[in-house]
Amino acid sequence: MIETKSIRVIIVEDFKLTRVGLRCALNTNPDLEVIAESEDAIDGLKKIENLKPDVILMDLGLPEMNGIEAILKVREFSKDVKIIALTSHDREEEVRAALSSGANAYCLKDIDPEKLALVIKDVNNGACWIDPIVADIALKSIPKIDDPAILGENAVNHTKVPLTEREFEVLKHLVEGKSNTEIAEELIVSVHTAKAHVCSILQKMCVNDRVQAAVKAVKEGMV
Ligand code: CA
């Protein structure tokens, strides 16, 4: 039997047409093999754990459990598997949350299939890759040097952690011990958006979880 050296890929994507399109495009490449696909994160996680792919293509906008949560869960049992987050450029909060979730690459869904195949190979070899448009969104979300939050002009409320007004609002709820669902209800946003805010806050505050964020916020007089 000839040993296959294909890169084994799992696709997690709820939109059937995108999923089928990705599978067909990738399977035409002799170096790649789509070994499974899932339309939701729960099923995807099971297949990832059982089949141990080399690379995962993870859509971020998934029902029930979103792609960012799924990436965090994958990282609980595998540090080695390479994860490519598939994202849409019009969802800035999602892009920022994705950047802190532990994926190896961030691709826009309208990426050219041949380019995607190259990205999969590079990522499989240990490289990281961020779609230039995603990188642009991420850079825009970093406050400019004349931002008062950076200069400390609003130090009483803002310290030097460059949170947006919205994020400060979310942080106050975090300090009150509220869950993502409760925060979403308070702010009249989706739970997905509330989670994205929390991810962004944790990243900016350089903490690992919401408890640490709350402790740091109180300690530094941020709320
Ligand atoms: Ca989707």
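Buried, as I use the word today, means under 20% relative accessible area, and exposed means over 50%, with partly exposed in between. By that cut-off aspartate 59 is buried, because its relative accessible area is 2%. Please keep in mind that this is a predicted model.

I'll start with the calcium ion. Which protein residues are its donors? They are Asp14 and Asp59, each through OD, and Gly61 through its O, and they lie 2.2 to 2.3 Å from the ion. Along the sequence, the spacing of these donor residues reads D-x44-D-x1-G. The two aspartates bring together distant parts of the chain, 45 residues apart. Aspartate 14 sits in the loop between β1 (7–12) and α1 (16–27), while aspartate 59 belongs to strand β3, residues 55–59. Aspartate 14 is partly exposed, at 33% relative accessible area, whereas aspartate 59 is buried at 2%.

Aspartate 59 has a second partner. It forms a salt bridge with lysine 109, and the closest N and O atoms are 2.9 Å apart. Lysine 109 is in the loop between β5 and α5 (113–124) and aspartate 59 is in β3, so this pair ties together parts 50 residues apart in sequence. Unlike the buried aspartate, lysine 109 is partly exposed, with a relative accessible area of 36%.

Now the other salt bridges. How many are there in the whole structure? The search finds 12. One of them joins arginine 166 and glutamate 169, with 3.3 Å between the closest N and O atoms. Both residues lie in helix α9 (residues 165–175), three residues apart, which is about one turn of the helix. Arginine 166 is partly exposed at 29%, and glutamate 169 is partly exposed at 34%.

Another bridge links glutamate 176 to lysine 178, at 3.0 Å between the closest N and O atoms. Here glutamate 176 counts as exposed, at 53% relative accessibility, but lysine 178 is buried, at 18%. There is also a network of salt bridges, which links Arg19, Arg23, Glu37 and Glu39.

Next, the nonpolar interior. The largest nonpolar core has 26 residues, and the members that touch the most others are Val12, Ile48, Ile56, Met58, Ile71, Val74 and Ile83. Several elements supply at least two residues each: β1, α2 (41–51), β3, α3 (67–77), β4 (82–87), α4 (92–99), β5 (105–108) and α11 (191–205). Which helix gives the largest share of this core? That is α3, with four residues.

Take valine 74 as an example. Leaving aside residues up to four places away in sequence, valine 74 touches Leu45, Ile48, Ile56, Val81 and Ile83. A separate core of 19 residues lies apart from the largest one, and includes Leu22, Val34, Leu86 and Val119.

Last, serine 190. Where is it? Serine 190 is in the loop between α10 (180–187) and α11. It is partly exposed, with 37% relative accessible area. Its side chain makes a polar contact with the side chain of threonine 193, at 2.9 Å. The C-alpha atoms of serine 190 and asparagine 180 are 9.3 Å apart, and these two residues are separated by 10 residues along the chain.

To go back to where I began: aspartate 59 is a calcium donor, forms a salt bridge with lysine 109, and is buried at 2%.

Terms used:
Residues are numbered from 1 along each chain as its sequence is written. This is a predicted model: local features need pLDDT of at least 70, side-chain atom pairs count only at pLDDT 80 or more; totals for chains, interfaces and linings use all residues. Side-chain values use heavy atoms; hydrogens and water are left out. Donors are N, O and S atoms within 2.8 Å of the metal (3.2 Å for Na, K and Ca); water is not among the atoms, so sites may look incomplete. Buried means under 20% relative accessible area, exposed over 50%, partly exposed in between (1.4 Å probe, protein chains only). A nonpolar core is a set of buried Ala, Val, Leu, Ile, Met, Phe, Trp, Tyr and Cys residues joined through side-chain atoms within 4.5 Å. Contact means heavy atoms within 4.5 Å. A salt bridge is a side-chain nitrogen of Lys or Arg within 4 Å of a carboxyl oxygen of Asp or Glu. A polar contact is a pair of N or O atoms within 3.5 Å; within protein, one must be able to donate a hydrogen and the other to accept it, and residues adjacent in sequence count only if both atoms are side-chain atoms.
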